[in-house]
Amino acid sequence: MEAINLKNICKNYKKITALNNVGFNVEQGELFGLLGVNGAGKTTLIKILCGLTQKTSGSAKVGGFDLDTQMQQIKQIIAISPQESSVAPNLTVLENLNFFAKAYGVNDANLLEEIIKTFKLEEVLDRRAKTLSGGFKRRLSIALALVCKPKILFLDEPTLGLDVLARRELWKIISKLKNKITIVLTSHYLEEIEQLCDRVAILSKGKLLQIGTVEQLKQKAHATTFEDAFVKFVEADNE
């Protein structure tokens, strides 16, 4: 079953084309990657699907709901963990979780306990969010996105700025979420996409260049590594 269906999505900012006829499907339960260098259009596409900015043209369905006419229904089944931290800095980790639960009308102690365990937040529950390391802040940001029990989760550059160890720890956590909900993850880290994603769409200058599994893309590019495949696709687009 399709969780997301996109057809010919375009987004123009005056003379700049951020997205140019982008279309693909994301299956329910899939961990789907959007890969591209900075400015490829990844974050713009996420913002469109979350109702944070308007597309110029094209059509989309999210969770079976039409993006143009059923955005309220879409907002009830999605969550986003943006690049910018969404935590309340002066609240403790536990207070952040309880605040978000109350805001969403969620009264489920078992859910919060499960989230705390999944994200390994036990040791920092009583610490103010502003005192956390970058890795723990990202964990908390994603944890907060799950409080509303979304069917589709958007992770926009979830490990941006993290050191190697913090990044690897977050990969383990994201991997545990696979198949439980649909995840769309944007990144420009090739290793991250290769490690986590079931399929990946490669974007460049707002265009969809390729889509498939990592192995399929390597075969199509006649490349031995995913990095070589990615470079071939992007360089060919720049010729």
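1. Before anything else, a word on what "helix" means here: helices are DSSP runs of H or I with at least four residues, numbered from the N terminus. By that rule, isoleucine 74 sits in helix α2, which covers residues 71-75. Keep in mind as you look around that this is a predicted model.

2. Stay with isoleucine 74 for a moment. Is isoleucine 74 buried or exposed? Its relative accessibility is 0%, so it counts as buried. If you leave out residues up to four places away in sequence, isoleucine 74 touches Leu49, Val62, Phe65, Asp66 and Leu67. There is also a nice example of folding back to find here: isoleucine 74 and cysteine 50 are 24 residues apart along the chain, yet 7.8 Å separates their C-alpha atoms.

3. Next, have a look at helix α3 (residues 93-103) beside α5. Their axes come within 9 Å and cross at roughly 20°. Angles under 35 degrees count as roughly parallel, and that is why α3 and α5 get this label. The crossing of α3 over α5 is right-handed. On the α3 side, the contact uses Val93, Asn96, Leu97 and Phe100, while α5 brings Leu140, Ala143 and Leu144. Sorted by class, that contact has six nonpolar residues, one polar and no charged ones.

4. The helix α3 also packs against α4. What angle do α3 and α4 make? It is about 140°, with the axes 11 Å apart. The cut-off for roughly antiparallel is over 145 degrees, so α3 and α4 are oblique to each other instead. Here too α3 passes its partner, α4, in a right-handed crossing. From α3 come Leu94, Leu97, Asn98 and Ala101, and from α4 come Leu112, Ile115 and Ile116. The tally for α3 with α4 is six nonpolar, one polar and no charged residues. If you want one residue to click on, try Leu97: it is listed in the contact with α5 and again in the contact with α4.

5. Now jump along to helix α8 (residues 214-221) and helix α9 (residues 226-238). Their axes are 9 Å apart, and the packing angle is about 60°. That angle makes α8 oblique to α9. The crossing of α8 past α9 is left-handed. In α8, the residues in contact are Val214, Leu217, Lys218, Lys220 and Ala221, and they meet Phe226, Ala229, Lys232 and Phe233 in α9. By class, this contact divides into six nonpolar, no polar and three charged residues.

6. On to the charged pairs. Side chains of opposite charge can pair when their charged atoms come close. How many salt bridges does the structure hold? There are nine. A few of them are worth opening up.

7. Lysine 120 and glutamate 169 form one of these salt bridges, with 3.0 Å between the closest N and O atoms. This pair links distant parts of the chain, since lysine 120 is in the loop between α4 (109-118) and α5 (134-146) and glutamate 169 is in helix α6 (residues 164-177), 49 residues apart. Lysine 120 is partly exposed, at 35% relative accessibility. Glutamate 169, on the other hand, has a relative accessible area of 18% and is buried.

8. Helix α6 takes part in another salt bridge, too. Glutamate 191 and arginine 168 meet through their side chains, at 2.5 Å from N to O. Because glutamate 191 lies in helix α7 (residues 190-196) and arginine 168 in helix α6, the pair ties together parts that are 23 residues apart in sequence. Glutamate 191 is partly exposed at 45%, and arginine 168 is also partly exposed, at 39%.

9. For a local pair, go back to helix α8. Glutamate 215 makes a salt bridge with lysine 218, and their closest N and O atoms are 3.1 Å apart. Both residues are in α8, three residues apart, which is about one turn of the helix. Which partner is buried and which is partly exposed? Glutamate 215 is partly exposed, with 46% relative accessibility, whereas lysine 218 is buried, at 13%. You have met lysine 218 already: it is among the α8 residues that meet α9.

10. One last thing to find on screen: Lys205, Lys207 and Asp237 are joined in a network of salt bridges.

Terms used:
Residues are numbered from 1 along each chain as its sequence is written. This is a predicted model: local features need pLDDT of at least 70, side-chain atom pairs count only at pLDDT 80 or more; totals for chains, interfaces and linings use all residues. Side-chain values use heavy atoms; hydrogens and water are left out. Axes are lines fitted to C-alpha atoms, for helices over the stretch in contact, and angles run from 0 to 180 degrees between N-to-C directions. Helices (H or I, at least four residues) and strands (E, at least two) are DSSP runs, numbered from the N terminus. Angles under 35 degrees count as roughly parallel, over 145 as roughly antiparallel, 65 to 115 as roughly perpendicular and the rest as oblique. A crossing is left-handed if the near helix is turned anticlockwise from the far one by less than a right angle, and right-handed if clockwise. Contact means heavy atoms within 4.5 Å. Ala, Val, Leu, Ile, Met, Phe, Trp, Tyr, Cys and Pro count as nonpolar, Asp, Glu, Lys and Arg as charged, and the others, Gly among them, as polar. A salt bridge is a side-chain nitrogen of Lys or Arg within 4 Å of a carboxyl oxygen of Asp or Glu. Buried means under 20% relative accessible area, exposed over 50%, partly exposed in between (1.4 Å probe, protein chains only).
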